[in-house]
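Colleague: I should like to go through the reasoning behind several labels assigned to this model. Please show the structure before we begin.

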Amino acid sequence: MGVNLKDLIPPEAKVVLDDLRVLRGKIVVVDGYNALYQFLAAIRGPDGSPLMDSSGRITSHLSGLFYRTINLVEEGIKPVYVFDGNPPELKIKELERRKALREEAAKKYEEAVKEGDLEAARRYAMMSSKLTSDMVEEAKRLLKVMGIPWVQAPAEGEAQAAFMVRRGDAYASASQDYDSLLFGSPRLVRNLTISGKRKLPRKDAYVEVKPEVIELSKLTEKLGITREQLIDIGILLGTDYNPEGFEGIGPKTALTLIRTYGSIEKIPKGYLRTREEVDVVKIKNYFLHPPVTAEYKLEWIEPDQKGIVEVLVKDHDFNEERVKNAVERLSKAYKEFLKGRQLGLDQWFKKSS
DNA sequence: CATGGTAA
DNA sequence: TTACCATGG
């Protein structure tokens, strides 16, 4: 689930966007796992069943990825997806915890189906959704034919995204989670979508959700802390590497403690109670020096209509007419915004002289 | 989540 | 236009 910095973000550190035009021409690194997982959880029928092809393979994530990516390109955004590699040792326990939660939800799903409780069934189906490696491979395959670059992270995708933004290879990272800020991403985009309504869980109401950009420098400046101190606050609240956080410490207390004592190590031990031992130094060090790679090439190439039809229509039973319509939109947007604009400045000079 | 049709 | 709703695979 990631670190929850929501209640810590001052309004001044955040820009809410009425539309995505602000991001026109900008490279945005999207956390692939985060995006796919959300599509997988959300794109379902009323009973909770995901979209599937005739072989019974889930396609919800492909549908979401396909249409959302086209929308981004139509806004003139240059998306690049990053995918998780091997999880760090520090995360293993959290992954096991999530697995247990999924299995629990799967049981409750069966019960809800038996009782005919559709609403509960849908909820538990969402909670039990599992993104498999096959699903990720199909997503990469789709991006390839769409001409959209993706990067395989050695470990955490959020860390890789932060690295790419820090180097200036991209403008912002995009995820619903705040982790990339702890990994040092200078800019985080949340709610990166154009269709701005989201259903409130357990309620029959909808809220407007607008894209927002959080700037790391403004965040730390407004809070009067350093990035390392922000990491400390994250650890106090709970991260994927210590999901429970520290007992009785919420955003307010965390900020006060760090402002008062300077670092998590200097906080008197009496304040810091946990059920299990937490290696604070190790976690902090991971956020500061995660495994990342500079071996990537960001290129947006002409969408391959035949390839896209092959993946979506032939292999996964998407409607051919719908897919072709969407590819048409993609090609048009590609020509308008992306074509011929991926050359570096020096190459551009060579080309024109 | 996103599209596409229909109704206002 | 905009809002709603059923459907997508």
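The exchange below takes up burial, salt bridges, annotated positions and surface charge in this predicted model.

Colleague: Why is Asp31 called buried?

Modeller: Asp31 has a relative accessible area of 6%. The label buried applies under 20%, so Asp31 is buried. Asp31 lies in strand S2, which covers residues 27-31.

Colleague: What makes Asp31, Asp84, Glu156 and Glu158 a group?

Modeller: UniProt, in an unreviewed entry, gives these four positions, Asp31, Asp84, Glu156 and Glu158, the feature "binding site". They span 128 residues in sequence, but no two of their C-alpha atoms are more than 9.6 Å apart, so they gather at one spot.

Colleague: Which salt-bridge network includes Glu156?

Modeller: Glu156 is linked with Lys91, Glu94, Arg97, Arg98 and Asp240 in a network of salt bridges. Across the whole structure, the search finds 24 salt bridges.

Colleague: How do you know that Lys210 and Asp18 form a salt bridge?

Modeller: Their closest N and O atoms are 2.8 Å apart. The criterion is a side-chain nitrogen of Lys or Arg within 4 Å of a carboxyl oxygen of Asp or Glu, so a separation of 2.8 Å qualifies. The pair links distant parts of the chain, 192 residues apart: Lys210 is in the loop between strands S8 (206-208) and S9 (212-215), and Asp18 is in the loop between strands S1 (14-16) and S2.

Colleague: Why is Lys210 called partly exposed, and Asp18 exposed?

Modeller: Lys210 has a relative accessibility of 34%, and partly exposed is the class between under 20% and over 50%; Lys210 therefore counts as partly exposed. Asp18 stands at 64%, and exposed means over 50%, so Asp18 is exposed.

Colleague: What makes Glu276 and Lys93 a salt bridge, and where are the two residues?

Modeller: The N to O distance between the side chains of Glu276 and Lys93 is 2.4 Å, and the limit is within 4 Å; the pair therefore meets in a salt bridge. Glu276 is in the loop between helix H10 (251-261) and helix H11 (280-288), whereas Lys93 is in helix H3, 183 residues apart in the chain. At a relative accessible area of 43%, Glu276 is partly exposed, while Lys93, at 55%, is exposed.

Colleague: How are Lys140 and Glu137 placed in helix H5?

Modeller: The two residues are three apart in helix H5 (residues 133-146), and so are separated by about one helical turn. Their side chains meet in a salt bridge at 3.5 Å, N to O. Lys140 counts as buried at 9% relative accessibility, whereas Glu137 counts as partly exposed at 43%.

Colleague: Which residues gather in the patch of negative charge on the surface?

Modeller: The patch consists of Glu104, Glu110, Glu111, Glu115, Asp117 and Glu119. Helix H3 (residues 92-115) supplies the largest share of the patch, four residues. Glu119 belongs to helix H4, residues 118-127.

Colleague: Why is Glu119 called exposed?

Modeller: Glu119 has a relative accessible area of 53%. The label requires over 50%, so Glu119 is exposed.

Colleague: What makes Ala100, in helix H3, partly exposed?

Modeller: Ala100 has a relative accessible area of 44%. Partly exposed lies between the classes under 20% and over 50%, and Ala100 is therefore partly exposed. The C-alpha atom of Ala100 is separated by 25 Å from that of Ile249, 149 residues away along the chain.

Definitions and conventions. Residues numbered from 1 in each chain as written. Chains lettered and ligands numbered in written order. Predicted model: local features only at pLDDT ≥ 70, side-chain atom pairs only at ≥ 80, totals over all residues. Heavy atoms only, no water. Patch = residues over 30% accessible without salt bridge, like charges linked within 9 Å, V, L, I, M, F, W, Y side chains within 5 Å. Areas by Shrake-Rupley, 256 points an atom, 1.4 Å probe, with all protein chains shown as cover. Lys, Arg positive; Asp, Glu negative; His and termini not counted. Charge placed at Lys NZ, Arg CZ, Asp CG, Glu CD. Buried < 20%, exposed > 50% of the residue type's maximum accessible area, 1.4 Å probe, protein only. UniProt positions renumbered as here; feature names shortened; annotations may be inferred.
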